[in-house]
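Q: Could you pick one part of this model and go through it closely with me? I'm new to this, so please explain the terms as they come up.

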Amino acid sequence: MATQINKQLGDNIFLTKLDAAASWARANSLWPMPFATACCGIELMSTAASKHDLSRFGSEVMRFSPRQCDLMIVAGRVVMKMLPVLQRIWLQMPEPKWCISMGACACTGGVFDTYAVVQGIDRFMPVDVYVPGCPPRPEQLIRSIIDLQEKIQSGGTVNAREFKLRILPEGPARFDEDELVRIRERNGFKLEDQKYDPVH
Amino acid sequence: MPLELLDSPDLDANKREGLWTLNFGPQHPATHTTLRLVLQLDGEMVMDAEPDIGFLHSGFEKLGEVLDFNQYVTIVDRMNYISPMANEIAWHHAVETLLGIELTPRCKYIRTIFAELMRLHDHLLCLGTCVLDLGGATAFMYAFNERETIYEICERASGQRFHTSYTRVGGLLYDVTDDWVAMVKDFVRKFPKVYRDFSGLVMKNRIFVERTRDVGILSREEAIAGGATGPVARASGVARDLRRDEPYLAYDDFDFDVCASQGGDCYARFQVRMMEMLESIKIIEQAIDKLPQGPIFAADTGKAGMPDKKEVYRSIEGLIHHFESIMPNRQMQAPKESVYAATESPNGELGYYIVGDGSFRAYRARTRPPSLMHFALFSKLIRGCMLSDVVAVLGSINIIAAELDR
Amino acid sequence: MANQSTDPKSSEIETVKLRLSELLSGISLDWSEFRNQTRVICPAAELLKCLKAFKAVGFDQLTDLTAVDLLEYGNVNDRFEVVYCLLNVDSGLRLIAKTYLNEPDLTIPSATSVWFGADWPEREVYDMYGIIFAGHPNFKRLLLPDEFQSFPLRKDYPVKGRGERHNFPVITRAES
């Protein structure tokens, strides 16, 4: 009986889980939204250009409207004035969506440990893949996209249940060394200079 | 194109009611990075534009007061990220002016070659992406092919393809090798053919010409009073080029022309950039043929210069020298004075105003970015143009946000 | 820069000095020279008059406008130094004009009426140092957000800021 059906249908029927089918489709048609702010944006262009050719890996359809994208590539440092824009664009993207934090500045602030630069976007929004380097080589970015595809295929679900579990902020804890310095400063002689509450 | 509208746009304030406000950026494909414009539109005509900047302000100048002259080069790299080494050369040119250091001929020549390679780097990207924004993707691919070759040349010399951090006070990180020279010669030999292809694809492209000609006109007087420099000023008839007028590095030794145009429109700016690429290749060709032998650090730099790596690992004198140029309490002392020194970066006059306070770091490291002055002119350029011209004008003045905001 | 020491340049500077002393009789200008760069210190009270005279003697481009906080510099009595880098486009002559300001009254006249290119640099100096340029047509912060309360390039402001960079809401994955 079974062999009879096999003979008639051949390879035309696959048995799989709906989750796996959906993830397979999603992983291989990522539409990136290039949130390119600085130097890494130029390497992102390099990745998409003739020599490295990102389209070989099925995610070359760069769209600048967040409504059409499902992968945000944050390339470059994000500063105080830009972070609300980034968060707004992230919220405008339709589900399911993923985020690659490209380069040292987007991941941790990089060399810019200054008053204006956000020390890692993961403090304020979720990130799926981090790419180190200043800036990362195009090969590294391509690798990160392959990694993300694997991540989607191995853990993705059709109704995006896996995202529901991530209810905590994903970045480092807010209490870091320079905030400690500021608290000491506040308790010490510079009390009257404080215009901001250091612990939020 | 309705030329009669362009000739006499009625920009009176009392005609302003009923204007439509359009927010352009900060995340828009044609802003490349992070620029924001608030446009006042009458139909499709731009009546007014107010740029809003600072979306990439990352405290470069504050860091310049914390890091020493050699360390800060890693930060200035990230300022104009489409021609990183031009920033390094400008920064160390200013530092050497403050310290009064004269470079060796070999160092001067290598820096000159890199400065010109960076000019090609910048102009290729500027033209490539502007054509991309105006709707043609092919030129972008051609431009990036050549940029990859320049990346490889940078990587061979410094070990990093993008942010090279290659210059040091009074010298360079490493000396170049013979195969680097061969690579540059190979690049010089192949470039004219690529240039012909690229030029034919872009400058004679009817769509490109019609979208850029007579758009965003900057007069000579406005260019001077507004502080425009570099290709933007030269396209408006200000034939001023620091390479010729205040020769630095080895530019005195070479034969090259200053490219200028009278047009003042976007097309003229692109034309100047295209012509400059040929002049750059001419300079590189002369420099690589005459590349002198010898040390890359001047003998009289004293503590400021870094010793050769071989010396450091093999002799006690070299190690002491290295130690003295690295340790903050042993380093060379800058005079308690201030200087302003500028170089002709691809985008215009890139100057640094450095105040020394007797240590090996700047008390104040002010950057004079060309983009800041150029973007301030933007609302003058765009008034009376069409909405679709915004992209062309933005591309033609080549705004780099990191340099603009610092 | 190195070639500015040639004879024609220094004689040009002498002519400029002569003409300025005619135009600005009664105002004491303090000239100095370092590495062939000519600097001049103008009194803050007569700044606009000086700048107009500089333009009249041919400095038609304002290359740069910036400021320096002298709080930790040592051996100076003043708090802020405002620097104007000027250029004569035709002859290539450069001049660096400086003026000094002190804490309670940080107001100097705007140079926008002389060179309109001073517009953004003046706003930037206000943004970074809190120096107010009276008579500027559109005076507000240039680079930092309007809510920002400090002036970051002052020497008493820490490099890492006072916690402004951490002052944002957090979006978790479940709620986005």
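A: Let's start with a word we'll need: a residue is buried if 20 or more other C-beta atoms (placed from the backbone) lie within 10 Å of its own, exposed if 12 or fewer, and partly exposed in between. Keep in mind that this is a predicted model, where local features need pLDDT of at least 70, side-chain atom pairs count only at pLDDT 80 or more, and totals for chains, interfaces and linings use all residues. Residues are numbered from 1 along each chain as its sequence is written, while chains are lettered from A and ligands numbered from 1 in the order in which they are written.

Now look at helix α17 of chain B, residues 389-397 (helices are DSSP runs of H or I, at least four residues, numbered from the N terminus). It's mostly covered, with 9 of its 9 residues buried. Going along α17(B), you meet D389(B), V390(B), V391(B), A392(B), V393(B), L394(B), G395(B), S396(B) and I397(B), buried residues of the helix. Just after α17(B) comes N398(B), which takes a positive phi of about 50°.

What about the rest of chain B? Here 28 of its residues are in contact (C-beta atoms, placed from the backbone, within 7 Å) with 28 residues of chain A. On the side of chain B that touches chain A, α2 (60-64), α3 (73-76) and α6 (138-158) of chain B each supply at least two residues. The largest share, 5 residues, comes from α6(B).

Definitions and conventions: Two residues are in contact if their C-beta atoms, placed from the backbone, lie within 7 Å.
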